[in-house]
2 protein chains.
Amino acid sequence: MKRAKVTSGDVAKLAQVSQSAVSRSFSADASVSADTRAKVLKAARKLGYRPNVIARAMISGRSRLIAVLVAYLDNQFYPIVIEQLSRALQERGFHVLLFMTDTGNQDLVVQQMMGYQVEGIVMASAALSSTLARECAQTGIPVVLFNRYVPSSPASSVTSDNIEGGRLIAHFLVEGGHKRIAFIAGSEDSSTNRDREAGFYRGLAECGHTVWARTVGNYSFEGAAEATRQLCAAKIRPDAIFVANDHMAFSVMDVLRNELKLRIPNDISIVGYDDVPEASWGGYNLTTVRQPSGQMIDATISILMEQIQRETVIRSAAVLPAELIIRQSARLPKEKS
Amino acid sequence: MKRAKVTSGDVAKLAQVSQSAVSRSFSADASVSADTRAKVLKAARKLGYRPNVIARAMISGRSRLIAVLVAYLDNQFYPIVIEQLSRALQERGFHVLLFMTDTGNQDLVVQQMMGYQVEGIVMASAALSSTLARECAQTGIPVVLFNRYVPSSPASSVTSDNIEGGRLIAHFLVEGGHKRIAFIAGSEDSSTNRDREAGFYRGLAECGHTVWARTVGNYSFEGAAEATRQLCAAKIRPDAIFVANDHMAFSVMDVLRNELKLRIPNDISIVGYDDVPEASWGGYNLTTVRQPSGQMIDATISILMEQIQRETVIRSAAVLPAELIIRQSARLPKEKS
DNA sequence: CATTTTCTTGCATACGTATTCAAAACGTGT
DNA sequence: ACACGTTTTGAATACGTATGCAAGAAAATG
């Protein structure tokens, strides 16, 4: 089997027009008569011609490529984001070029992205070196930090209101009558963790409480299990735990139930963050805060499209509302009647 | 902020050599003296130059792009595959261009892939029109059907041994003393479902059994819930269900436990397929068959790389071993002693 | 009908790199 | 010093498309 490339020249020959005419027939707002366009399209269909995006990118500078950088896909939040993002971009004629990276070789990865002449970058990776964000901005490519936030960086960001989310949880747990409220942190250098934790503490303070105990799970399944064991090794256990994301919360619940033989929420309440699909599954029924992924995607898209179209990069930050989703993993506040 | 493109010409000027020399300095096996290469690399670093992959693709026909087509990412099996695939390809200098599609507009999507001059295609989408596979093969682009199989198609395929997996489950359930063994199917037009079901029935037959009942869940969470209700609406319930994949099995377990108040595995046994991460979570502890995703990725990569390098497309099919993973969701066979 | 205006069209060129070809530089052995 | 093989180099070209420009066709206006 051999590759048989068909070019605009071939189509032009068959349709008895110039190559320019073919090119124009495929761009929406070009100056072509309906007549020739019909001829061209017919010939194109006959030959199975499709414009070569690579060549188009070369001359016009538009690759129609958006780089998406992500560290891992274990946490269901990210696959869903990628799916929605990809669908939304496809509708607009763009496509997702996927990059996976651990924190190590980010610079290399960004170099690769530049090599592909991507028109925009979405970073959903956990960490982000600030030199790197600067470099991106310097080249004039719009960058959106998704679900993270770097104050000093020139990159745009889209997040949910993690501070408010943390507050909501604090109030909910206090009203539920919990006395020993603990926190299991994610990655301490992530903005999501910082904000959720800060909002949580502020909420507790507003109710005259403080956090009872705190361990770190680093947003990993294993880390969360270990953090739970540490937390419960003390003589007196917490009666509620806010876990910095759902993914860890599942691990926490597993340890509490299976290793420590505790009932949820009778013996201890658990609240997560994200509202990934598994949170609503019967096995967990996790009370959590929903991140509005749809709205976050919309915001990301519109930031990207705007900046690509205007060919200017301006920093903008979208913060979308968080919503408490009450299920069965945490004791409910008593009815005020 | 403006885009400041730096080209090989700029580097050439600074390094006082020709553009050709710059190009050669960036390809590993070209004829350049160590001396000039050093000069070039130094100048390149100074200017922040990176070869333009787009332009390179144009002249050499190598886009270094692999299209990955997938229908949905709800089922955790696919995110994991994408992550591993992307990592493996990155190591080899390739990158993943992601396409999401429902069964509807596949033709359009394939046209788009061609437009990007991708060097290979991985289809993990549920359905695949046969005309489409043919079209791909015709253009000389290697195509790998991942976790699916179309006998008449010229495309290569990578699967696990779904027939054997089905058999293993049948034997396991019969040995576990189950008498009324049911099956909840996925998408009936998928090869995975066909093979798992065929292997399952064969396994049952080998033990002198037949399937007690059968409903269809279409590989969706909601569909599986409904299929479970149908199955249990009869006067006599099954005492074991093989669910065609894990993703549906979780839904099945939720309905059995929460709506029908059954205990698993005391009242009824459940077995899934895939061994996604959630299967090992405490909330489900699902007995299942593991698909060796790592080996499947390796096979995919080597098929792609081989065919890209040789510039010939030959059909090849890899079938990798399936393994029964015994957890707590199904009653165990009695010890033979 | 003459003239201006608006639409179409083809020619030529540019995008940034890889690669062919011939010329130049470099060694090596006599 | 010479001839010869080897390596390195630069000039030129090609990849497939989009677009500025000028010329031609058609339409509109007087």
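**View 1. The protein surface near DNA strand C.** By class, the surface near DNA strand C in this predicted model is made of 10 nonpolar, 14 polar and four charged residues. Look for the 28 residues around this strand, of which Ser18(A), Thr7(B), Ser8(B), Ser20(B) and Ser23(B) come nearest. Both chains take part: H2, helix H3 (34-47) and H4 of chain A each supply at least two residues of this surface, and so do helix H1 (8-15), H2 and H4 of chain B. The largest share is that of H4(B), with five residues.

**View 2. The protein surface near DNA strand D.** Here we turn to the other strand named in these legends. DNA strand D is surrounded by 28 residues, and the closest are Thr7(A), Ser8(A), Ser20(A), Ser23(A) and Ser18(B). From chain A, helix H1 (8-15), helix H2 (19-25) and helix H4 (53-60) give two or more residues each to this surface; from chain B, helix H2 (19-25), helix H3 (34-47) and helix H4 (53-60) do so. H4(A) provides the largest share of the surface near DNA strand D, five residues. Sorted by class, the residues near DNA strand D are 10 nonpolar, 14 polar and four charged.

**View 3. Where chain A and chain B touch.** This contact takes 49 residues from chain A and 49 residues from chain B. On the side of chain B that touches chain A, you can find H4, helix H5 (77-91), strand S2 (95-100), helix H6 (106-115), helix H7 (130-139) and helix H11 (246-259), each supplying at least two residues. Among these, H5(B) gives the most, with seven residues. The side of chain B that touches chain A has 25 nonpolar, 15 polar and nine charged residues.

**View 4. Two strands paired between the chains.** Zoom in on strand S2 (residues 95-100) of chain A, which pairs with S2(B) in the antiparallel sense over three bridges. One place to look is Leu98(A), which stands opposite Val96(B) in S2(B).

**View 5. Two packed helices in chain A.** Helix H10 (residues 221-233) and helix H11 (residues 246-259) of chain A pack with their axes 8 Å apart, at an angle of about 45°. That angle makes H10(A) oblique to H11(A). The crossing in which H10(A) passes H11(A) is right-handed. To trace the contact, start in H10(A) with Phe221(A), Ala224(A), Ala225(A), Thr228(A) and Arg229(A); these meet His247(A), Met248(A), Ser251(A), Val252(A), Val255(A) and Leu256(A) in H11(A). By class, the contact of these helices has seven nonpolar, three polar and one charged residues.

**View 6. An open sheet in chain B and a helix that packs on it.** Four strands of chain B form this open sheet with parallel pairing, and you can follow them in the order S7-S6-S8-S9. At its edges are strand S7 (213-216) and strand S9 (269-271) of chain B, each of which pairs on one side only. On average, neighbouring strands of the sheet are turned by 20° against each other, direction ignored. Strand S6 (residues 181-185) of chain B runs parallel to S7(B), and four bridges join the two. Within this pair, Ile184(B) has Thr215(B) in S7(B) as its bridge partner. Helix H9 (residues 191-206) of chain B packs on the sheet, where it touches S6 and strand S8 (240-243) of chain B. The direction of H9(B) makes about 170° with that of S6(B).

Terms used:
Residues are numbered from 1 along each chain as its sequence is written. Chains are lettered from A and ligands numbered from 1 in the order in which they are written. This is a predicted model: local features need pLDDT of at least 70, side-chain atom pairs count only at pLDDT 80 or more; totals for chains, interfaces and linings use all residues. A residue is near a molecule or strand if its C-beta atom, placed from the backbone, lies within 6 Å of it. Ala, Val, Leu, Ile, Met, Phe, Trp, Tyr, Cys and Pro count as nonpolar, Asp, Glu, Lys and Arg as charged, and the others, Gly among them, as polar. Two residues are in contact if their C-beta atoms, placed from the backbone, lie within 7 Å. Two strands pair if DSSP finds at least two bridges between them. Axes are lines fitted to C-alpha atoms, for helices over the stretch in contact, and angles run from 0 to 180 degrees between N-to-C directions. Angles under 35 degrees count as roughly parallel, over 145 as roughly antiparallel, 65 to 115 as roughly perpendicular and the rest as oblique. A crossing is left-handed if the near helix is turned anticlockwise from the far one by less than a right angle, and right-handed if clockwise.
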